[in-house]
Amino acid sequence: MLDKVKELIGDVSAFNATTKDEIEAFRIKFLSKKGILNDLFAEFKNVAPAERKEFGQVLNTLKNAAQDKVNQLKDALENASEQKGIYGDLTRPEEPIELGSRHPISIVRNKIIDVFSRIGFTVSEGPEIEDDWHNFTALNLPEYHPARDMQDTFFIETNPDILLRTHTSSVQVRYMENHKPPIRTISPGRVFRNEDISARAHCIFHQVEGLYIDTDVSFADLKQTLLYFTKEMFGKSKIRLRPSYFPFTEPSAEVDIYWGLETETDYKITKGTGWLEIMGCGMVDPNVLKNANIDPEIYSGYAFGMGIERIAMLLYQIPDIRMFYENDVRFLEQFKSVI
Ligand code: PHE
């Protein structure tokens, strides 16, 4: 009997298991109510009194060995699953890579640049902090000219000559000062006006303005260029030019495109007329050419300017201009599929 127990001690110490079930089976086999140890303790009364002491000791050794074995194997199993926790399931599919998206303002600006670069326009840029000359005076808007009120301006308090540009026409003045005709350039950029922020207006927004100067440039050239642009940009081929006023162009016009009245949204955005105003334009005033040292007797030109936000709002049916500046990812994510 004693030998049998000693053999069992050897079995227990040699035992190994890697799964929960195997460990549990081992525990039941040795340590449960109907397990080997209980049976052996029941044998106690049959053992000769002289041998009882030793038998008891050996039984206890077996019991402790079995209990230690169970604990040790359980610990090992837990450690192993913690290890796995660090690396996770190495066979799982990989996490999808989150792709960013371009901002809708950039998308539309790039589209506009694309359309005009196909007909020979280059891109020009200039400073956002401007002087009075480039933003106003050179553009036929001398000091105290009432039309300065058309564009509420942020001035630098200590120096009334310095301001945040109210339009990118300032870039065109700089371009004319530094380039000889023929000139074909568009100026995309950020502009600033001291306006109350609402769903329709913001104090910071973006423009693209265009300038074309050469010999014999006519109003018909302007109209054809605008027609080409609206076809490429919106897929619409009907425009109208309404007489308007800008100090730097003469004659001047607002450009409306015929958007149509096919859907309820069309009714809403065109206020039931089918027409949408998208930009201002005109023939460059001779005074502006003179201010930039271009001879108006030889050269003539046209100019136009549009707001990028307004066009993006039309193209993507964005109801509130403030959404462009909030950087809410739920908004930005919607432009993932657009390049
Ligand atoms: N600069 C004008 C504006 O910001 C737009 C414009 C540009 C109009 C060129 C006519 C010609 O409102």
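Which residues in α5 meet which residues in α11? In this predicted model, the α5 side of the contact is made by Ile105, Ile107, Val108, Arg109, Lys111 and Ile112, and the α11 side by Ile308, Glu309, Ile311, Ala312, Leu315 and Tyr316. Sorted by character, the residues of this contact comprise nine nonpolar, no polar and three charged. Helix α11 covers residues 308–316, and its axis comes within 9 Å of that of α5, with a crossing of roughly 100°. Angles of 65 to 115 degrees count as roughly perpendicular, and α5 is therefore roughly perpendicular to α11.

Before going further into the helices, it helps to step back to the whole chain. Two domains are assigned: domain 1 spans 2–87, and domain 2 spans 104–334. Taken over C-alpha atoms, the centres of domain 1 and domain 2 are separated by 87 Å. Helix α5, made of residues 104–117, begins at the residue that opens domain 2 in this division.

Helix α5 also has a contact with α8. Two packed helices are described by the angle between their axes and the distance between the axes. For α5 and α8, the axes come within 10 Å and cross at roughly 130°. That angle lies outside the range of 65 to 115 degrees for roughly perpendicular and is not over 145, so α5 and α8 are oblique to each other. Their crossing is right-handed. On the α5 side, the residues are Val108, Lys111, Ile112, Val115 and Phe116, and they meet Thr225, Tyr228, Phe229, Glu232 and Met233 in α8. This contact divides into seven nonpolar residues, one polar and two charged. Val108, Lys111 and Ile112 of α5 thus appear in the contact with α8 and also in the contact with α11.

The next feature to look for is an open sheet of seven strands. Reading across it, the order is β1-β5-β6-β10-β9-β8-β7, and the pairing is mixed. At the edges stand β1 (122–123) and β7 (239–246), each of which pairs on one side only. Helix α7, residues 169–178, packs on this sheet and touches β1, β5, β6 and β10 (300–307). The direction of α7 makes about 35° with that of β6. Helix α8, already met through α5, is formed by residues 219–234 and lies across β7, β8 (249–258), β9 (275–284) and β10. Relative to β9, α8 runs at about 145°.

Within the sheet, two strand pairs can be followed in detail. Strand β5 (residues 183–192) pairs with strand β6 (residues 204–214) in the antiparallel sense, over ten bridges. One of the positions in this pairing is Gly189, whose bridge partner in β6 is Gln207. Towards the β7 edge, β7 and β8 are also antiparallel, joined over seven bridges. These two strands form a hairpin with two residues between them, and Leu241 stands opposite Val255 in β8.

A second open sheet has three strands, in the order β2-β4-β3, with antiparallel pairing. Its edge strands, pairing on one side only, are β2 (129–131) and β3 (155–156). Strand β4, residues 159–164, runs antiparallel to β3 and is joined to it by two bridges. Here Ile156 has Asn159 in β4 as its bridge partner.

A few backbone details complete the tour. The peptide bond that joins Pro181 and Pro182 is cis, with omega at about 5°, and Pro182 is found in the loop between α7 and β5. Another cis peptide bond runs from Glu250 to Pro251, with omega near -5°; Pro251 is found in strand β8, the partner of β7 in the hairpin. Lys271 is not a glycine, although its phi is positive at about 50°. This residue lies in the loop between α9 (264–269) and β9.

Terms used. Residues numbered from 1 in each chain as written. Predicted model: local features only at pLDDT ≥ 70, side-chain atom pairs only at ≥ 80, totals over all residues. Heavy atoms only, no water. Pairing = 2+ DSSP bridges. Helix = DSSP H or I, 4+ residues; strand = E, 2+ residues; numbered from the N terminus. Contact = heavy atoms within 4.5 Å. Axes fitted to C-alpha atoms, helices over the stretch in contact; angles between N-to-C directions. Parallel < 35°, antiparallel > 145°, perpendicular 65-115°, else oblique. Left-handed = near helix turned anticlockwise from the far one by under 90°. Nonpolar A, V, L, I, M, F, W, Y, C, P; charged D, E, K, R; others polar. Domains from an automatic or database assignment.
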